[in-house]
Amino acid sequence: MRYLKFFVSALLTTGLVWLLNTSNPLGLASLPPLGKLLSPFTGFWQNAEEAGVYPAEQIRLPGLSEPVKVVYDTRMVPHIFAQNTLDALRTQGYLTAKLRLWQMDMAARSGAGRLSEIIGERTVKQDRFQRRRGLARGAGATLKAWENTPDTMAMLMAYTEGINAYIQELKPKDYPIEFKLLDYAPELWNPFKTALVLKLNTALLCFKEEDVESSNTLTWLGSEVFDLLFPERPPHESVIVPDSLRIPDSLFNNPTPQVPSESLGYWHVPLMPKPPLDVGSNNWAVSGSKTSSGYPILCNDPHLPLSLPSLWMEIQIHTPEMNVYGVSLPGLPGVVLGFNDHIAWGWTNASHDVLDWYEVQWTGPDKSQYVFDGVERPVTHEVETIYVKGHKPVLDTITYTHWGPIVYEDQENPKRNLAMRWPAIEAPNASELGFLLGINAAHNYDDFQRASKGFHFPGQNMVFASREGDIAMTVTGRYPQKRAEQGRFIQPGNTSANFWEEYIPFDDLPRMKNPARGFVGSANQLSAGPAYPYYYNGNFNHYRGRYIDRKLAEQDKFSLYSMMDLQTSNYSIMAEEALPAMLNYLDKEQLSAIELGMVQLLSDWEYYFNPDEIAPILFDEWWTALDSVLWDEFYHARDTLAVLQPEKWETVHILQSDPRNTFWDIETTPERESAAQTVTVAFQKAIKKLRPILNEVHYDWGTHHAVHINHMALIPAFSSPPLRAGGYPEALNATRTSNGPSWRMVVEMGPEIRAYGVYPGGQSGNPGSFYYDNFLETWTQGLYYPLFFMESPEDRKQEVLFEGVFSEE
């Protein structure tokens, strides 16, 4: 039957080749010549793969010093067994390209601002944005730093040469299908592209700031109301590391910055795209005193934009120097999140604001010079050429100051400009790749800390557990030494008083090891308490960290399975605190019988955002409606001006304790509403919106809040169907439409390491492969796979698919 299907398909396709091969008769510029695409010999038919048993492979890989064995388990996870690190990384490069070549190519192109070369005009704006924020410049600076570290470059070159060995084997029929659809060929890899992949992911995690919005909101509201609505620390805070640090003398040696007041004026600028609101993560570790086995358990689940092919790729690398398992980032050597024979580690985003904006004081209308500390300085210009498929190149001139590039021009006063300083694109003083590979080979806490010193951006909360019994949490990265509120608002760019040069010393970063309470944890909340001597600001989560601390404190004798239950929990403290106050204000006499039925559903709800429930829909829509009528002044202001939005925890605070706040009044009505009236209006607004859909059969939270995982090129046929994953942004299972846990991992560090994990996708980047999305259902149901941490190529504690041998000849 298989051959019959192929014969019929080939016969039909051949009849179209003459008509379609030389042009696209439909006139669609985005399509390749359709004959190429449909050809049974070189087209998409060649990309079909089936699941099953594969024959053993013998692969020639130039540059290897010893043969390398690779065992694929039943989930297509490669386990590399090499005699040295360079051979292992060379093989990793080859295997990563084999499974994820198009994904790697797109990541490097996106970071460089080169998508328009293959896609056309519709990505010119995106390419201009990437170039203006300087990812390619930052990648170049990073590569120069790596070049100063011979060991790092040797490992990077081995990885690069492995990738290129695979690319050079390819014929057009072997290209991943996306190359065929977009009608271009893969380029050879180089270390600069690895740096681009690193910077692209750095930008995802540390490009978030609100300087323009904060400055505009301060000008609009005045300092008294601004301070009331936008305090920097929430009530009931649960910080990552308690206060435990002396005040360094160095804090008092810097000039006082000029923190702007509301007199700075409004800025009318079109804001650059910013990372999604729900980019975050959870991690924690408990000591053996709190586990049923007596061994430490570590958990991590980074919450990131979800896509197909998946962000991560599972891999094991076994050499005499290290035996490490986890997920890699295609384009980077080594394992990013995982465990080895001795330690386990995981990350959450620290969420600090490390990007600042400075108003430039020009000397004249031509904007060729600006004033800094009373001295005139010239700007420099760089012309970026963006090549566009099917069109003439686009030229974009970028102006640079010593702060960084000029990015914003005030649309109402073109004489005003803002320059960007973002240290994530400045030259690092250490090898970030060396840090990663150092952690892969770490044996204990001291090794882990030494390696962590080499990490700069994006700042991370790094959780640690070891077979020696230690657990720890370190806020790792480079954080500017700033005075109070420095970098929270736009700053005058004419004085060195606002120019920070020093970073918080590594030894002064918040950390704790083996606390008496028996656990450490983080979920993107504040790094340290108010007594921490260094100022920092950012975009912090208030609820998930509190729930982690609550659950870890109230229970002992955790198992791997109870940790999985906690990691996939759909419970929300935000709903627990907000809903009773909302119900308390609700004027039930104004409600219909149907609406009172909805109130009863909410009253009986236990704050779990489970996929088969109705109450989460009612709460979420009611909350959204309440936010829009309570803060209607902010929504109206945002029509013409970039302003802040009060935090969720501030809304909950007002619900619980401030019924006379002036913002309860609805701006568009003549009367002055009370808190009860506004809450009731919001409820009725939500129910009116929901009535048509709640009548549908089987409509529940899983349908309403379905997760959609799109293909990177937004090709519907290569994207996932709607996934009924449950969860909520303020629950540990922090899902949103296209964001969520990108990798769930639970590891017990006993004499025999036991680990479980899952991510939403599959190992292969080929949409025609069984292994492209075969993990989706397991991830959606909150289940896990046992991770096969092989001891040797002959280990058969779990089944394997096939083996391969890589050699020089």
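In what order do the 4 strands of the open sheet stand? Hold that thought while you find the sheet on the screen. One note before we go on: this is a predicted model.

Here is the order: E16-E17-E11-E20. The sheet is open, and its pairing is mixed. Now look at the edges. Strand E16, residues 406-409, stands at one of them, and strand E20, residues 491-492, also stands at an edge. Each has a single partner strand, so one side of each is left without a neighbour in the sheet.

Let's zoom in on E20. Strand E11 covers residues 356-359, and it pairs with E20 in the parallel sense. There are 2 bridges between them. To spot the pairing, find Tyr 358, which has Gln 491 of E20 opposite.

Next stop: strand E9, residues 337-340. We take its neighbours in turn.

Start with strand E8, residues 323-328. E8 and E9 run antiparallel, joined by 4 bridges. On E9, Leu 337 is the bridge partner of Val 327.

Now strand E10, residues 343-349. E9 pairs with E10 over 2 bridges, again in the antiparallel sense. Here Gly 338 has Trp 345 in E10 as its bridge partner. How many residues does the hairpin from E9 to E10 run through? The hairpin uses 2 residues.

Last point on E9. Are its faces covered or open? Both are covered. On one side, Leu 337 and Phe 339 are buried. On the other, Gly 338 and Asn 340 are buried too. Two of those names came up a moment ago: Leu 337 bridges to Val 327, and Gly 338 bridges to Trp 345.

Note on methods: Residues numbered from 1 in each chain as written. Predicted model: local features only at pLDDT ≥ 70, side-chain atom pairs only at ≥ 80, totals over all residues. Heavy atoms only, no water. Buried < 20%, exposed > 50% of the residue type's maximum accessible area, 1.4 Å probe, protein only. Pairing = 2+ DSSP bridges.
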